[in-house]
Amino acid sequence: HPADVDEDSDGLTNMQEYYLHFDPTQYDSGKVGHYVINSRTGDVFQSIAQAIEAAQNNDTLVLSPGLYLENIVISGKVLTLQGEDQIGTVIYPSSSTVDAVVLQTASTLSNLTVQGGRYGVYCSNPTGTAKVDGCIIKNAITYGVYGNNSNIEIKRSIVRDNLSEGVILENSVGSLVNCLIHHNGSIGVQLTNSNTTNILNCTIVYHSGYGVKGAYNQVTNCIIRNNVTNDLDTSGNIAYSCLQTTHTGNGNIVDDPIFVDVSSYNYQLSPVSPCIDAGNNTLVTYDMDLVGSPRRMEDPENSNSGGPINNAPYVDMGAYELAGYVPFHGNVQICAVGNKHSLILDSTSKVWACGYNAYSQLGIGTSRGYKYQNYLVASSHGMMDTASGCLENITWIDAGRWHNLAVDSIGNVWSWGE
């Protein structure tokens, strides 16, 4: 069997199957449940610990989807652990008395889920900046992410349902960018002697204590709401953020951010949110939001209240950019016209709506006003800012006075409006 050929089309070369004791002629990569590949050497391992031990400095270890029942320690070398699927690649230690992932170097966790453990991610005394990028950190017994005497960057990540603090930084230099931090036990972000920390475009909501507790350098373009004790505990520079109490600073608001669907943890902005086009571009050096949508997308139906002046389009507040509205694309298959609204079925079998929306006939999660741009119709009362979450595989549409009907490819009938 040629070493570099994937003879059975299961994603592993014959040589990689040899290391796993698989039959190269049989589709059997599922036997192990998961595997780790060193992207530099092509070597394959059945556990993360084995892959780390064999790795050299600056190697990237790619984790296939699966449940890795092990706790991870990276020390003595700088590595990247990269999941192939953020939700499906899960590191879950078998004991709650150990930390799920320990970073003692400037290593990177990317595109995976860390679940359980004493701490979800423990960053201790690394040389350089440790990074958590595009991860979900949840269900730790104490802290989701704990940085101690560290330089740590957390971006485009979700930290939720940890029993104590979501993120705690002690004697550390930190940054949190494009993160959603919610429903942790007491405090969203705890800062102790870490007053150089910047928190940018984060949504920090629903904690029994504070949203952010302790001194920080800069909080900008954030939504910090619905935290029982208060939104922020102490002083720092805060600007262009949506808060539950009034704070001194340019561009801050105390309006309801109007999330899409709090009951299902959907903290994207509805099309009528006051947080749209209300942020400040000065510190925005990143191109994507939490889910990879472009930042600074102009919504023609919202006034530009952000800054600096004459620098539109302005970034939205919070972890998500402009839920719901995306430019119409594709060919028109069917048009349907209601009393004061219209539907379009496009060539990809998705439904778009525009016009009068007082009776929720646009299917965008609100019942307010006119919408002169086309919006994707959602598959539930919540909306998404990309095609995921919208009606798909639709074959027929029709519009009534204040309501609509659609039929999908397997015969389901969908309706919305009144």
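In which strand is the place of L67? L67 sits in strand β4, which covers residues 66-68. Before we look around further, please keep in mind that this is a predicted model.

## A patch on the surface

L67 does not stand alone: together with L69 and Y92 it makes a nonpolar surface patch of about 290 Å². L67 itself is partly exposed, because its relative accessible area of 43% falls between the limits for buried and exposed residues.

## A strand covered on both faces

Now turn to strand β14, residues 145-148. In a regular strand, the side chains point alternately to the two faces of the sheet. You can follow this idea in β14, where V145 and G147 lie on one side and Y146 and N148 on the other. These four residues are all buried, and both faces of the strand are covered.

Strand β14 also has partners. Strand β11 (residues 121-124) runs parallel to β14, and four bridges join the two. In this pairing, S124 stands opposite N148. Four bridges also join β14 to strand β17 (residues 167-170), again in a parallel arrangement. Here V145 of β14 stands opposite V167 of β17.

## A three-stranded open sheet

Further along the chain, three strands form an open sheet in the order β35-β36-β37, with antiparallel pairing. The edge strands are β35 (394-399) and β37 (413-417), and each of them pairs on one side only. On average, neighbouring strands in this sheet are turned by 15° against each other, ignoring direction.

Let us zoom in on one pairing. Five bridges connect β35 with strand β36 (residues 403-408) in the antiparallel sense. For W396, the bridge partner in β36 is V407.

## Charged partners

How many salt bridges does a search of the whole structure find? The search finds six, and the table shows three of these pairs.

| Pair | N to O distance |
|---|---|
| R118 and D99 | 2.9 Å |
| D133 and K155 | 4.0 Å |
| R295 and E321 | 2.6 Å |

Take R118 and D99, whose side chains meet in a salt bridge. R118 is in the loop between β10 (113-115) and β11, while D99 is in the loop between β7 (89-91) and β8 (101-103), so this pair ties together parts that are 19 residues apart in sequence. The two partners differ in their surroundings: R118 is partly exposed at 33% relative accessible area, whereas D99 is buried at 10%.

The side chains of D133 and K155 also meet in a salt bridge. This pair links distant parts of the chain, with D133 in strand β12 (residues 129-133) and K155 in strand β15 (residues 151-155), 22 residues apart. K155 is partly exposed, with a relative accessible area of 29%. There is a network here too: salt bridges link D133, E153 and K155.

R295 forms a salt bridge with E321. Both residues lie in the loop between β30 (266-269) and β31 (332-337), so the pair ties together parts that are 26 residues apart in sequence. R295 is buried, with 7% relative accessible area, and E321 counts as buried at 0%.

## Cysteines without a bond

How many disulfides does the count come to? The count is zero. C135, for example, is in no disulfide, and the nearest cysteine sulfur, that of C179, is 9.9 Å away. Why does C179 not bond with C202? The sulfur of C179 is 4.6 Å from that of C202, its closest cysteine sulfur, which is too far for a bond, because a disulfide needs the two sulfur atoms within 2.5 Å. C135 is buried, with a relative accessible area of 0%, and C179 is buried with a value of 0%.

## Two residues with positive phi

Finally, look at two spots in the backbone. I258 has a positive phi of about 55° although it is not a glycine. I258 is in the loop between β28 (242-243) and β29 (259-261). Is I258 buried or exposed? I258 counts as buried, because its relative accessibility of 18% is under 20%.

S360 is another residue other than glycine with a positive phi, near 60°. The loop that holds S360 runs between β33 (351-356) and β34 (370-376). At 28% relative accessibility, S360 counts as partly exposed.

How values were computed. Residues numbered from 1 in each chain as written. Predicted model: local features only at pLDDT ≥ 70, side-chain atom pairs only at ≥ 80, totals over all residues. Heavy atoms only, no water. Pairing = 2+ DSSP bridges. Axes fitted to C-alpha atoms, helices over the stretch in contact; angles between N-to-C directions. Buried < 20%, exposed > 50% of the residue type's maximum accessible area, 1.4 Å probe, protein only. Patch = residues over 30% accessible without salt bridge, like charges linked within 9 Å, V, L, I, M, F, W, Y side chains within 5 Å. Areas by Shrake-Rupley, 256 points an atom, 1.4 Å probe, with all protein chains shown as cover.
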